[in-house]
Amino acid sequence: MKKLFLTLAALALGTAGLAQSGKLEIFSWWAGDEGPALQALIDLYKKRYPNVEVINATVTGGSGVNARAVLKTRMLGGDPPDSFQVHAGQELIGTWVVADRMEDLTPLFNQEGWMTKFPKGLIDLLSYKGKIYSVPVNIHRSNVMWYVPAKLREWGVQPPKTWAEFLTVCQTLKSKGLEAPLALGENWTQQHLWESVALGVLGAADYANLWIGKLRFNDPKAVAVWNTFGRVLDCANKDASGLSWQQAIDRVLEGRAAFNIMGDWAAGYMTTTKGLKPGEGFGWAPAPGTAGVFMMLSDSFGLPKGVKNRTNVLNWLRLLGSKEGQDTFNPLKGSIAARTDSDPSKYNAYLQSAMRDWKSNRIVGSLVHGAVAPESFMSQFGTVMEIYLSSRNAQAAANAAQAIATQVRLGQ
Ligand code: GAL
């Protein structure tokens with residue numbers, strides 16, 4: 001009987017799936033509220049490879065602030081996780097790829113027919129010297145403003161379309177007794193806000209010019225970003241540094257704040273964790289001044305050299321790059337598929353709008369989430385932010401940013 005069952009199971013799964021055993025350690029920062037989408041993908045993996053023990057190793061902390069440090073220790077200590085989450089772009093290329101610690105995945109892309117399934121621009125972001133180094137599982141949008149439609153109606157305000165309008169709405173809301181119209185969280189979320197302010201103030205072309213060395217950070221146009229940023233900060237809660245991104249969103253949902261600027265994992269949180277309906281429980285708009293521009297980032301996974309369970313990793317990568325994998329993960333995560341052939345009917349109204357924007361908008365990359373600048377710049381930008389927050393001196397922050405850009409040879 002047992003034998004018959006095993007034979008049937010093997011037929012159903014394909015014998016290759018059952019034959020696979022050993023372990024697979026997946027390393028990411030998708031813990032707690034951020035976990036359900038990854039878990040769904042792991043469940044799918046377990047269905048195909050029931051004899052593989054999956055270790056879901058997470059290090060809490062939005063945008064990978066803590067996970068990246070742990071990863072560094074493990075990579076340098078010769079104990080790489082089998083596969084780890086990393087943003088497409090400089091976050092991977094400028095670190096572990098240039099250090100020759102990642103396997104070339106171009107053969108996998110060719111075998112799976114992925115060269116025509118992912119956008120060329122995205123493949124370029126995953127590549128170094130013509131070789132591809134990670135598999136993208138999604139596309140997230142950074143420049144989104146979240147609110148609760150019923151609350152805005154109650155307060156008699158509309159989602160502002162520019163940062164100037166935002167500042168006016170902020171005053172109106174303050175006069176109505178809302179102390180902090182903008183909900184803000186810990187340090188990285190402040191940088192996240194900054195990149196949307198920068199995009200809104202500079203426009204797409206000059207924002208992009210910052211990362212290729214064509215616009216200096218101490219150019220008067222870039223100094224102006226800090227001035228606007230400061231005025232926007234005056235609309236935010238004073239206890240920002242103690243709040244996670246989820247707690248900042250909660251302030252909006254509770255009506256203690258009107259707006260929050262956050263990537264669209266916030267939509268995942270509000271739908272998957274909070275059970276809210278897009279358009280009813282929460283509304284969205286491009287961050288002020290950024291309509292028509294999609295600031296993108298992409299989560300991806302790679303294969304470090306010398307891992308213990310290489311075949312299991314390749315099967316993991318195959319799954320997360322597949323249509324089924326992407327359409328399982330993304331509707332829960334609050335991101336859209338990186339593949340161009342995903343099934344829109346599996347996605348909610350917010351995500352369908354993001355899909356349309358992804359196709360029609362001008363695309364720029366996120367700083368905070370690894371797309372445009374090397375880790376060396378990104379990590380030191382936290383210090384620039386500290387300088388600004390303690391001094392409120394736009395010129396000093398701009399000079400510090402330029403000094404780091406020069407030091408890391410940004411854009412060269
Ligand atoms: C981003 C990541 C998202 C989400 C977010 C908050 O960097 O790309 O998938 O996890 O951080 O932690």
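Strand β8 (residues 144-147) and strand β9 pair in the antiparallel sense over 2 bridges; two strands count as paired if DSSP finds at least two bridges between them, and strands themselves are DSSP runs of E with at least two residues, numbered from the N terminus. This is a predicted model, so local features need pLDDT of at least 70 and side-chain atom pairs count only at pLDDT 80 or more, while totals for chains, interfaces and linings use all residues. Residues are numbered from 1 along each chain as its sequence is written, and side-chain values use heavy atoms, with hydrogens and water left out.

Back to the strands. In the pairing with β9, W146 stands opposite N260. The full sheet is open and has 3 strands, running in the order β9-β8-β10 with antiparallel pairing. At its edges sit β9 (260-261) and β10 (283-286), each of which pairs on one side only. In general, strands of a sheet pair through backbone hydrogen bonds, either parallel or antiparallel.

Next come the helices, which are DSSP runs of H or I with at least four residues. The axes of α10 (residues 187-211) and α11 (residues 220-233) come within 9 Å and cross at roughly 150 degrees. Here axes are lines fitted to C-alpha atoms over the stretch in contact, and angles run from 0 to 180 degrees between N-to-C directions. The two helices, α10 and α11, are therefore roughly antiparallel to each other, a label for angles over 145 degrees. Their crossing is right-handed, meaning that the near helix is turned clockwise from the far one by less than a right angle. Among the residues that meet (heavy atoms within 4.5 Å) are W194 and L202 in α10 and W226 and F229 in α11. The contact of α10 with α11 divides into 13 nonpolar, 2 polar and 2 charged residues; Ala, Val, Leu, Ile, Met, Phe, Trp, Tyr, Cys and Pro count as nonpolar, Asp, Glu, Lys and Arg as charged, and the others, Gly among them, as polar.

Another helix pair is α17 (residues 375-391) and α18 (residues 394-407), packed at an angle of about 165 degrees with axes 9 Å apart. That makes α17 roughly antiparallel to α18. The contact includes F377 and Y388 of α17 and A400 and I404 of α18, and its residues divide into 11 nonpolar, 3 polar and no charged.

Finally, there is 1 disulfide, a pair of cysteine sulfur atoms within 2.5 Å. The disulfide joins C170 to C235, with S to S at 2.1 Å. C170 lies in helix α9 (residues 163-175) and C235 in the loop between α11 and α12 (245-253), 65 residues apart.

Notes. Angles under 35 degrees count as roughly parallel, over 145 as roughly antiparallel, 65 to 115 as roughly perpendicular and the rest as oblique.
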